[in-house]
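Here are some exercises to work through with the model open beside you. Try each task on your own before you read the solution.

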Amino acid sequence: MPTEGAVDVAALRRWIDAFAGDVAEHQEELTRLDSAIGDADHGSNLARGMKAVLAALDSERPATAGALLKRTGMTLVSTVGGASGPLYGTFFLRMGTAAGEVESLDTAALGAALRAGVGGIVARGKSELGDKTMYDALAPAVDAYDAAGDEVGAALRAASDAADRGRDATIPLQARKGRASYLGERSVGHQDPGATSAALLLGAAARTLG
């Protein structure tokens, strides 16, 4: 049985469902942002991938946190083109490995899993803070989570707020990674689409896991 205040498999599934819904709702915005500095496919690719994730989870119904997160990651890697599939896929795969085959996660275990996921994105994308990527939203989010204390809801709200600030902070940056980096100074003044979807991810977590 999950302990009081812990995040169980059902809650993790609600998070994935909420993120899929947010991506679908904001698909046009994500594509518009990506059209300015990328390939104009971030919204459509991620929406397609999350739709496939929901179908896979409905079919398999994973019983542990690790299995659910790994299935999410593997589905994204196999169905999403561009950079977002491998990056988000790696995030969930690393989260799943860190979480382990358990039925619930306490605040510390969830934080460790989130940080492992972000570490996977760094390993895959070689991104640093200030590169104008999704890492600019995720790095401050996991730091805020760890600094917020033992209550998972408060930690996730802090993480979501930090991700929103990190997303907004990408606007004046010049891109140093990915397709956007080819634009040089012309990338300045545009909000990064990856940081935007990452903020949606943390916002969905704050609503469903707290």
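**Exercise 1.** Find the helix that holds Ala 137, decide whether Ala 137 is buried or exposed, and list what Ala 137 touches beyond its sequence neighbours.

*Solution.* This is a predicted model, so keep that in mind in every step.
- Step 1: Ala 137 belongs to helix H7.
- Step 2: The relative accessible area of Ala 137 is 0%. Buried means under 20%, so Ala 137 is buried.
- Step 3: Leaving out residues up to four places away in sequence, Ala 137 is in contact with Ala 162, Ala 163, Gly 166, Arg 167, Ala 195 and Ala 198.
- Step 4: For a backbone distance, take Ser 160, which is 23 residues from Ala 137 along the chain. The C-alpha atoms of the two are 9.0 Å apart.

**Exercise 2.** Locate the aromatic pairs that involve Phe 92, and classify the geometry of each.

*Solution.* Begin with the total, then go through the rings.
- Step 1: The structure has three aromatic pairs.
- Step 2: In the pair of Trp 15 and Phe 92, the ring centres are 5.7 Å apart and the planes meet at 55 degrees. Planes under 30 degrees apart count as stacked and over 60 as edge-to-face, so this pair, at 55 degrees, is tilted.
- Step 3: Now place these two rings on the chain: Trp 15 sits in helix H1 (residues 9-25) and Phe 92 in helix H5 (residues 84-99). With their positions 77 residues apart, the pair links distant parts of the chain.
- Step 4: Phe 91 and Phe 92 have ring centres 5.1 Å apart and planes at 85 degrees, so they form an edge-to-face pair.
- Step 5: Put together, ring pairs join Trp 15, Phe 91 and Phe 92 into a cluster.
- Step 6: Check the accessibility of each member. Trp 15 is buried at 1%, Phe 91 is buried at 1%, and Phe 92 is buried at 0%.

**Exercise 3.** Which residues of the largest nonpolar core touch the most other members, and which helices each supply at least two residues of this core?

*Solution.* A general idea helps first: in soluble globular proteins, nonpolar side chains tend to be buried together.
- Step 1: The largest nonpolar core has 56 residues, and those touching the most other members are Trp 15, Phe 19, Phe 91, Leu 110, Leu 114, Leu 156 and Leu 209.
- Step 2: At least two residues of this core come from each of H1, H3 (42-60), H4 (65-79), H5, H6 (107-125), H7 (135-147), H8 (152-169) and H9 (193-208).
- Step 3: Take Phe 19 as a worked case. Not counting residues up to four places away in sequence, Phe 19 touches Leu 46, Met 50, Tyr 88, Ser 197, Leu 200, Leu 201 and Ala 204.

**Exercise 4.** Work out how the buried residues of helix H2 (residues 27-37) are arranged around its axis, and what they pack against.

*Solution.* Look down the helix and sort its residues.
- Step 1: The buried residues of H2 are Leu 30, Leu 33, Asp 34 and Ile 37.
- Step 2: Viewed along the axis of H2, these buried residues fall within an arc of 95 degrees, so they line one face of the helix.
- Step 3: Glu 28 and Arg 32, on the other side of H2, are exposed.
- Step 4: The partners of the buried residues of H2 are H3 and H9.

**Exercise 5.** How many salt bridges does the structure hold, and what are the settings of Asp 22 with Arg 207 and of Arg 115 with Asp 143?

*Solution.* Side chains of opposite charge can pair when their charged atoms come close.
- Step 1: The structure holds 10 salt bridges.
- Step 2: Asp 22 and Arg 207 form one of these, with the closest N and O atoms 3.0 Å apart. Asp 22 lies in helix H1 and Arg 207 in helix H9, 185 residues apart, and the pair links distant parts of the chain.
- Step 3: Compare the two ends: Asp 22 is buried at 11%, whereas Arg 207 is exposed at 54%.
- Step 4: Between Arg 115 and Asp 143 the closest N and O atoms are 2.9 Å apart. Arg 115 is in helix H6 and Asp 143 in helix H7, so the bridge ties together parts 28 residues apart in sequence.
- Step 5: Arg 115 is partly exposed at 36%, and Asp 143 is partly exposed at 45%.
- Step 6: To finish, look at Arg 13, Asp 17 and Asp 58, which salt bridges link in a network.

Key: Residues numbered from 1 in each chain as written. Predicted model: local features only at pLDDT ≥ 70, side-chain atom pairs only at ≥ 80, totals over all residues. Heavy atoms only, no water. Phe/Tyr/Trp six-rings, centres within 6.5 Å; stacked < 30°, edge-to-face > 60°. Helix = DSSP H or I, 4+ residues; strand = E, 2+ residues; numbered from the N terminus. Buried < 20%, exposed > 50% of the residue type's maximum accessible area, 1.4 Å probe, protein only. Core = buried A, V, L, I, M, F, W, Y, C linked by side-chain atoms within 4.5 Å. Contact = heavy atoms within 4.5 Å. Arc of directions from axis to C-beta. Salt bridge = Lys/Arg side-chain N within 4 Å of Asp/Glu carboxyl O.
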